[in-house]
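Subject: The structure, and what turned up in it

Hi,

Here is the structure I promised to pass on. Have a look at it first, and then read on for what I found.

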Amino acid sequence: MRRTLSASPRRPAARRPAARRPAARRATVAVAAVLGCVAPALAAGAAHAESGAAAAPVRLDYPITGTTHLAGTDSDLALGPGTLKTSTDMTTGALTAQTRLPDAPGSFKALGIPVTVTTEFIEEEPTTGTLDVRTGEVSTTSHLTLRLKHLKIGGIPTPVGPYCKTKTPAVIDLDSEPGFNVFKGGKLSGTYTIPKFEHCLLATPVINSMVPGDGNTLTLTLDQASAPTDPATS
């Protein structure tokens, strides 16, 4: 008798994960693409770190008040409250700032006659300066045009027109006083010269006989710094 081999049941063939393989390939390609983009960025970051590249500037706002003494009229003007908006490179110590002060009313006597006038301080360009990152000392230079308005002599309004201002900006150099702290604030002070005035109508010679000259002092008091409320425009 011939032996017949009994047909044993075949095991079902293992199914290849056909759907997974393309997905796996796509994932591999995606990872490679991401690594290709990230690697240069990481390399650039490492290069910046190794080269000691400067970090982003630190922006701080200070509430400010102050006083300026006008030597020509022997009078004081109260300044502020205003704001000093600063941006400082903490690597180099270079800083820029914008000074925002309201108009300053003042009074004095000329030959015994009371005179009142309002002074507007116009910042012609950003203040520049340096912060000594070791000592915390600050030095700044500002260019401010002084504009006079609302002049009264003996209580009588005296027209000066809308363009009564110094011919050139006053250059004001300020240095921090002892105890100044870049975060807590403190005092900045210095002396400056007031240039001659122009376009003040008939009052021009009177003003130029009293106000312009050197020996004027300015002290600004900076209160505690805070982060800018409007970083995009600070």
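Let me start with Val58, which belongs to strand S1, the stretch covering residues 58–70. Please keep in mind that this is a predicted model. With a relative accessible area of 31%, Val58 counts as partly exposed. On the surface, Val58 joins Met90 and Val133 in a nonpolar patch, and together the three have about 220 Å² of accessible area.

Now to the charged side chains. As general background, side chains of opposite charge can pair when their charged atoms come close. The count for this model is five salt bridges, and here are some of them.

Strand S1 comes up again here. Asp61 and Lys85 form a salt bridge through their side chains, at 3.0 Å from N to O. Asp61 sits in strand S1 and Lys85 in strand S2 (residues 75–88), so this pair links distant parts of the chain, 24 residues apart. Are these two partners buried or exposed? Lys85 is buried, at a relative accessible area of 7%, and Asp61 is buried as well, with a value of 7%.

Next comes the pair Asp103 and Lys149. Their closest N and O atoms are 2.9 Å apart, in a salt bridge. Asp103 is in the loop between strand S3 (94–100) and strand S4 (104–110), while Lys149 is in strand S6 (residues 138–153), so the salt bridge ties together parts 46 residues apart in sequence. As for the surroundings, Asp103 is partly exposed at 36% relative accessibility, whereas Lys149 is buried, with a relative accessible area of 16%.

Strand S6 has another partner to offer. The side chain of Arg147 meets that of Glu120 in a salt bridge, 3.1 Å from N to O. Because Glu120 lies in strand S5 (residues 113–131) and Arg147 in strand S6, this pair ties together parts that are 27 residues apart in sequence. Arg147 is partly exposed, and its relative accessible area is 22%.

Which residues do salt bridges with shared partners join into one network? They are Asp103, Glu120, Arg147 and Lys149. If you have the viewer open, you could start with Asp103 in its loop between strands S3 and S4, and then go on to Arg147 and Glu120, which meet in their own salt bridge.

Happy to talk it through whenever suits you.

Best wishes

Note on methods: Residues numbered from 1 in each chain as written. Predicted model: local features only at pLDDT ≥ 70, side-chain atom pairs only at ≥ 80, totals over all residues. Heavy atoms only, no water. Patch = residues over 30% accessible without salt bridge, like charges linked within 9 Å, V, L, I, M, F, W, Y side chains within 5 Å. Areas by Shrake-Rupley, 256 points an atom, 1.4 Å probe, with all protein chains shown as cover. Salt bridge = Lys/Arg side-chain N within 4 Å of Asp/Glu carboxyl O. Helix = DSSP H or I, 4+ residues; strand = E, 2+ residues; numbered from the N terminus. Buried < 20%, exposed > 50% of the residue type's maximum accessible area, 1.4 Å probe, protein only.
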